[in-house]
Structure formats: C-alpha cells, structure tokens
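Here is a short walk through one protein model. Take a look at the structure first, then follow the text from one site to the next.

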Amino acid sequence: MKKGLIFDMDGTLWDSSENVAASWTEVLQRSGCDRILSKQDIMNVMGLTMDKIAEIIFSDLPQDKRTELLEKCCKYENEYLRQNGGMLYPELENTFVALKEKYHLYIVSNCQTGYIEAFLDHFGFWKYFEDTQCYGNNLKSKGENIKLLADRNKLDKAYYIGDIQGDYDAAAEAGVGFIHAAYGFGTIRENVPELQEFWQLPGLMETIL
C-alpha cells in the first residue's frame, strides 16, 4: 500500500509572513505606493489564492493595477524567500527524516508558481518530497490539486496536513484524510486528528494509518 502525506505550506511547515510583508513592501515603495505591509496583514490572507489576496490587500486599486502589482510582488517574493527563507516550525527537518522512512511526502499549496520551490531551495528540502502542486501552476482549487497529486502518484491512502478550515474542506473535496496543524494560523470546526507541534506527526501517524 502506498501511503502519502500531503502538506500545506503556510501555518503548517513554516511562517513566512514577516519576510513576505518585507518583500511586498519593497515592491510597493519602488512602484510609488507609500504603504508598509505588516506581518499581520499577510497572516490575515494566508491560505487564500493569489487573486483573492490581491482583492484584499489592493482593494483600493483598479483591477489592472492590482494584477500588475501582484505579479511584481509574487516574482520578487520568490527571490526574497529563496535568499532569506522564513521561520520553520520546530524539529521540521528531523520530522521529515522520520516520516520519509514510512511515507511518501508531498506539498500542495494555494501559492503562486515558484513559492514552493523557493522554500525547498533555501532549506535544501528537495530530497524529502516526491511531487508538488500549487494554484499558480494551473489555477485549480486546493481540493482539485490535492486529488490531482494523489491520483498522479497513485496513492492508496493519503492525509492532508493543514492549519485552517479551508484546508479541511479541500481535503474533504479531494477524498483524503485530514490532520489539523493546531499550532498554525486557524481552527477547524470538525473533530479531526490534531497536532500541537509538528514533530508529533510520526507518533500520531502510528495511531491512525
């Protein structure tokens, strides 16, 4: 039986909000916008698709300007994170090492193209993951992308690990199990297996899979 663990990014593997805010602020100021984005501004929209983020962050701008700024921000954000990274949750890599002994590991995110790659490049984590999928590659919902990845990799059993209600909903849409990263950015209405710390995942998996 091929068992897969599919990870969300923000609020599950790391918190990049501070560096995302810094990179977007640089772009805005270079573009003539006298505006400073905070870590909280970014945390408030984590987990949304990029078009929705632009609607919220740039709500005061016309659609064409939103699109232009979004493209500039996302491109520079990827470069910035590739160089500077973000805050990893405790014992992340050691936990990957332990999980890799029994499970196939993947990432699915609502991020732009290049974001997952920046994370993997900066920390040298490519060796742990067999496949990734994101909204920016095909403009599909997270639920569609989880199913696409699970089918593409012929997984017999899979769990999605995420931190917000939208992650649970996406896992349900894809027909895979769900584990709540309770240390992350959000809460879940349903009663599901829960992690208080990322490093607890190998032990939790022994009880459910």
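Start with a pair of side chains. Glu-206 and Lys-102 meet in a salt bridge, with N and O 2.5 Å apart. This pair links distant parts of the chain. Glu-206 sits in helix α10, which covers residues 201-208. Lys-102 sits in the loop between α5 (92-100) and β4 (104-109). The two residues are 104 residues apart. How open are they? Glu-206 is partly exposed, at a relative accessible area of 47%. Lys-102 is exposed, at 52%.

The model is predicted, and its salt bridges can be followed further. A search of the whole structure finds 11 of them. One of these joins Arg-152 and Asp-131, whose side chains meet at 2.8 Å, N to O. Arg-152 belongs to helix α8 (residues 142-152), while Asp-131 belongs to strand β5 (residues 131-134), so this bridge ties together parts that are 21 residues apart in sequence. Arg-152 is partly exposed, with 39% relative accessibility. Asp-131 is buried, with a relative accessible area of 17%; buried here means under 20%. Elsewhere, Asp-8, Lys-142 and Asp-167 are joined into one network by salt bridges that share partners.

Another bridge stays inside one helix. Glu-26 pairs with Arg-30, and their closest N and O atoms are 3.6 Å apart. Why can these two side chains be considered together along the helix? Both lie in helix α1 (residues 17-30), and because they are four residues apart, about one helical turn separates them. An α-helix has 3.6 residues a turn, so residues three or four places apart point the same way. Glu-26 is partly exposed, at a relative accessible area of 31%. Arg-30 counts as exposed, at 56%.

Now step back to the whole chain. The protein has 10 helices and eight strands. Its radius of gyration is 17 Å, close to the 17 Å that the globule rule gives for 209 residues, so the protein is as compact as a globular protein of that length. The C-alpha atoms fill a box of roughly 55 × 30 × 30 Å along the principal axes. Buried residues make up 51% of the 209 residues. Take the contacts between residues at least 6 apart in sequence: 67% of them join residues at least 24 apart.

The surface and the charges come next. The protein exposes about 9600 Å², and carbon and sulfur atoms supply 49% of that area. There are 21 positive and 33 negative charges, and the mean positions of these two sets are 5 Å apart.

Then look at the interior. Which residues of helix α6 (residues 115-123) are buried? They are Tyr-115, Ile-116, Ala-118, Phe-119 and Leu-120. The buried residues of α6 pack against a mix of helices and strands: β2 (14-15), α4 (63-84), β3 (87-88), α5, β4 and β5. Just after α6 comes Gly-124, with a positive phi of about 70 degrees.

Two other residues with positive phi are not glycines. Most residues other than glycine have a negative phi, and most peptide bonds are trans. Glu-91 has a positive phi of about 60 degrees, although it is not a glycine. Glu-91 is found in the loop between β3 and α5. Glu-91 is partly exposed, with a relative accessible area of 43%. Lys-154 also has a positive phi, near 55 degrees. Its place is in the loop between α8 and β6 (157-162). Lys-154 counts as exposed, at 65% relative accessibility.

End at a loop. Where does Ala-182 lie? Ala-182 lies in the loop between β7 (177-181) and β8 (194-195). Ala-182 is partly exposed, with a relative accessible area of 26%. Setting aside neighbours within four places in sequence, Ala-182 is in contact with Glu-194, Leu-195 and Gln-196. Ala-182 and Gly-11 are 171 residues apart along the chain, yet 8.9 Å separates their C-alpha atoms.

Methods. Residues are numbered from 1 along each chain as its sequence is written. This is a predicted model: local features need pLDDT of at least 70, side-chain atom pairs count only at pLDDT 80 or more; totals for chains, interfaces and linings use all residues. Side-chain values use heavy atoms; hydrogens and water are left out. The radius of gyration is taken over C-alpha atoms; the globule rule is 2.2 Å times the number of residues to the power 0.38. Buried means under 20% relative accessible area, exposed over 50%, partly exposed in between (1.4 Å probe, protein chains only). Contact means heavy atoms within 4.5 Å. Accessible areas come from the Shrake-Rupley method with a 1.4 Å probe; for residues, only the protein chains shown count as cover. Lys and Arg count as positive and Asp and Glu as negative; His and the chain ends are not counted. The place of a charge is taken as NZ of Lys, CZ of Arg, CG of Asp or CD of Glu. A salt bridge is a side-chain nitrogen of Lys or Arg within 4 Å of a carboxyl oxygen of Asp or Glu.
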